[in-house]
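I sat down with this one to go through a few things in turn: an annotated site, the pocket, the core and the cysteines. Here are my notes.

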Amino acid sequence: MAHVFVYGTLKRGQPNHKVLLDDANGCATFQGQGHTVEPYPLVIAGEHNIPYLLNLPGHGHRVAGEIYTVDERMLRFLDEFEDCPIMYQRTSVRTAVLEWEGAPHAPQGPPAAEQTLQCFVYSTATYPPEWVHLQYHHNYDSLGKHGLRYNPRENR
């Protein structure tokens with residue numbers, strides 16, 4: 001099992017969350033809420049208003065998201081779903097645990113508020129240079145005040 005940090009359309013209540021619930025893709029279990037320890041630029045870009053975590057640690061905000069444990073099959077599915085390594089690259093990011101719900105896989109040690117966890121994340125280092133000048137977000141919502149509605153895959 002691996003930990004994956006999701007910050008965009010895969011979060012609960014977002015358009016692509018259903019793929020994490022589909023057993024045909026593998027197993028994904030929600031573990032809790034967190035944010036990146038380091039700041040990163042989270043931008044909404046492209047013709048379909050897709051959220052991207054730019055692999056520029058030290059810039060932007062500490063990005064809020066959700067932590068899941070996933071099996072190998074789900075990890076392979078997510079690699080394909082996220083068009084890894086073309087559109088996104090699966091990298092490792094240090095995540096601060098804010099709230100932990102998944103007792104079977106809960107990190108041992110101090111209370112959740114003081115814990116950090118190494119998680120896989122789908123970020124990108126392959127983006128147009130102008131993206132670094134877009135608005136940086138700390139928490140993504142496809143229906144957020146930013147007004148940049150996500151265009152789901154099935155509508156493209």
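Before I start on the annotation, a reminder to myself: UniProt annotations may be inferred rather than shown by experiment. The model itself is predicted.

**Annotated site.** I looked up what UniProt marks, and the unreviewed entry puts "active site" on Glu82. Where does Glu82 sit? I found Glu82 in the loop between α2 (72-81) and β6 (89-100). Next I checked whether Glu82 is buried or exposed. Its relative accessibility is 10%, and the cut-off for buried is under 20%, so Glu82 counts as buried. Then I listed its contacts, skipping residues up to four places away in sequence: Glu82 touches Leu10, Met87, Tyr88 and Tyr122.

**Pocket.** I went to the largest pocket, which has a volume of about 230 Å³. Which residues lie nearest its centre? I noted Thr9, Ile50, Pro51, Glu82 and Tyr88, out of 18 lining residues. The elements that give two or more residues to this lining are β1 and β4. So the residue annotated "active site" in the UniProt entry is also one of those nearest the pocket centre, because Glu82 is in both lists.

**Core.** I counted 38 residues in the largest nonpolar core, and Tyr7 and Tyr52 have the most contacts inside it. Elements giving two or more residues to this core include β1 (2-6), α1 (18-21), β5 (64-70) and β7 (116-123). I then pulled the contacts of Tyr7, leaving aside neighbours within four places in sequence; among them are Leu42, Pro51, Tyr52, Val63, Tyr88, Tyr122 and Tyr140. Tyr88 and Tyr122 had already turned up in my contact list for Glu82.

**Cysteines.** How many disulfides does the structure hold? I get 0. I asked why Cys27 has no partner. The closest cysteine sulfur, in Cys119, is 16 Å from the sulfur of Cys27, and a disulfide needs the pair within 2.5 Å, so that is too far for a bond. Cys84 is in no disulfide either, and the nearest cysteine sulfur, again that of Cys119, is 16 Å away. For exposure, I have Cys27 as partly exposed at 33% relative accessible area, and Cys84 as partly exposed at 25%.

**Past β7.** Last, I looked at Pro129, which is in the segment after β7. Pro129 is exposed, with a relative accessible area of 62%. I also took the C-alpha separation of Pro129 and His35: 25 Å, with the two 94 residues apart along the chain.

Definitions and conventions
Residues are numbered from 1 along each chain as its sequence is written. This is a predicted model: local features need pLDDT of at least 70, side-chain atom pairs count only at pLDDT 80 or more; totals for chains, interfaces and linings use all residues. Side-chain values use heavy atoms; hydrogens and water are left out. Buried means under 20% relative accessible area, exposed over 50%, partly exposed in between (1.4 Å probe, protein chains only). Helices (H or I, at least four residues) and strands (E, at least two) are DSSP runs, numbered from the N terminus. Contact means heavy atoms within 4.5 Å. A nonpolar core is a set of buried Ala, Val, Leu, Ile, Met, Phe, Trp, Tyr and Cys residues joined through side-chain atoms within 4.5 Å. On a 1 Å grid over the protein atoms alone, a cavity is a set of points where a 1.4 Å probe fits but cannot get out, and a pocket is an open set with protein on both sides within 12 Å along at least five of seven lines; lining residues have an atom within 4 Å of a point. Grid points are joined across faces, edges and corners, and a volume is the space filled by probe spheres set on the points.
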